[in-house]
Amino acid sequence: MNPAPSSAGDSAGYYLLAFAILSAAVLVLPGVATSPLGIDEHVSYWIAGSENPGTLMERSLNYAATPPVSSLVQRAFIVVGGKSEFWMRLPSVIGLLCAIT
């Protein structure tokens, strides 16, 4: 069984998707790398920066409005890339780009 031939509408959709991803990356990445942390990001940084996973879970459950998995993902990125605003925000940028697709 052969797949259906590609139409002009399909290629226009791919161009639109590529434009959406590229424009999101261009608009978001400069702010991710250069702007200081906001108040809610300071709390997330405090939670994700804890050395002990038990402390991370306790802080996440008691002080954060996000589920502990979010803090664990941020912690993993901080361990890989180091303690910086960019690595703290990178999981959210990846989530944004995945949400577009």
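Let's start with arginine 89, which counts as buried at 8% relative accessibility. This residue still finds a charged partner, forming a salt bridge with glutamate 41. Keep in mind that you're looking at a predicted model, with a chain average pLDDT of 85. Below is a quick tour of the salt bridges, the aromatic rings, helix α5 and a couple of residues worth a look.

**How confident is the prediction?**

- Across the chain, 91% of the residues score a pLDDT of at least 70.
- Where is confidence lowest, and where is it highest? The low end is helix α1 (residues 8-34), with a mean of 85, while α4 comes out highest at 92.

**Salt bridges**

- Side chains of opposite charge can pair when their charged atoms come close.
- How many salt bridges does the structure hold? There are 2.
- One of them joins arginine 89 to glutamate 41, and their closest N and O atoms are 2.9 Å apart. This pair links distant parts of the chain, with arginine 89 in helix α5 (residues 85-100) and glutamate 41 in helix α2 (residues 39-48), 48 residues apart.
- Is arginine 89 buried or exposed? With a relative accessibility of 8%, arginine 89 is buried, because the cut-off for buried is under 20%. Its partner glutamate 41 is partly exposed, at 23%.
- Arginine 75 makes a salt bridge too, this time with glutamate 51, and here the closest N and O atoms are 3.5 Å apart. Again distant parts of the chain are linked: arginine 75 belongs to helix α4, glutamate 51 to the loop between α2 and α3, and their positions lie 24 residues apart in the numbering.
- Arginine 75 is buried, with a relative accessible area of 16%, whereas glutamate 51 counts as exposed at 62%.

**Aromatic rings**

- A search of the whole structure turns up 3 aromatic pairs.
- Take tryptophan 46 and tyrosine 63: their pair is edge-to-face, with 5.3 Å from centre to centre and 65° between the planes. Tryptophan 46 sits in helix α2 and tyrosine 63 in helix α3, so to speak two distant parts of the chain, 17 residues apart.- Tryptophan 46 is partly exposed, at 39% relative accessible area, while tyrosine 63 is exposed, at 56%.
- What kind of pair do phenylalanine 77 and tryptophan 87 make? Their ring centres are 6.5 Å apart and their planes meet at 40°, so the pair is tilted. Phenylalanine 77 lies in helix α4 and tryptophan 87 in helix α5, so this pair ties together parts that are 10 residues apart in sequence.
- Both rings belong to partly exposed residues: phenylalanine 77 has a relative accessible area of 22%, and tryptophan 87 has 25%.
- Phe77, Phe86 and Trp87 form one aromatic cluster.

**Helix α5**

- α5 has 16 residues and reaches 23 Å from its first C-alpha to its last, which is close to the 22 Å expected.
- Where is the kink in α5 centred? The spot is proline 91, and the kink is about 30°.
- Met88, Arg89, Leu90, Pro91 and Val93 are buried in this helix.

**Glutamine 74**

- Glutamine 74 has its place in helix α4 (residues 68-81), and this residue is buried at 11% relative accessible area.
- Which residues does glutamine 74 touch, leaving out those up to four places away in sequence? They are Ser44, Ala48, Met88 and Pro91. Two of these names, Met88 and Pro91, also appear among the buried residues of α5.
- Glutamine 74 and tyrosine 45 are 29 residues apart in sequence, and their C-alpha atoms are 8.2 Å apart in space.

**Isoleucine 21**

- Over in helix α1 you'll find isoleucine 21, which is partly exposed with a relative accessible area of 28%.
- Not counting residues up to four places away in sequence, isoleucine 21 touches Leu97, Ile100 and Thr101.
- Isoleucine 21 and alanine 99 are 78 residues apart in sequence but 9.7 Å apart in space, C-alpha to C-alpha.

Definitions and conventions: Residues numbered from 1 in each chain as written. Predicted model: local features only at pLDDT ≥ 70, side-chain atom pairs only at ≥ 80, totals over all residues. Heavy atoms only, no water. Helix = DSSP H or I, 4+ residues; strand = E, 2+ residues; numbered from the N terminus. Buried < 20%, exposed > 50% of the residue type's maximum accessible area, 1.4 Å probe, protein only. Contact = heavy atoms within 4.5 Å. pLDDT = per-residue confidence, 0-100. Salt bridge = Lys/Arg side-chain N within 4 Å of Asp/Glu carboxyl O. Phe/Tyr/Trp six-rings, centres within 6.5 Å; stacked < 30°, edge-to-face > 60°. Expected span 1.5 Å × (residues − 1). Bend = angle between axes of the 7 residues up to and from the residue.
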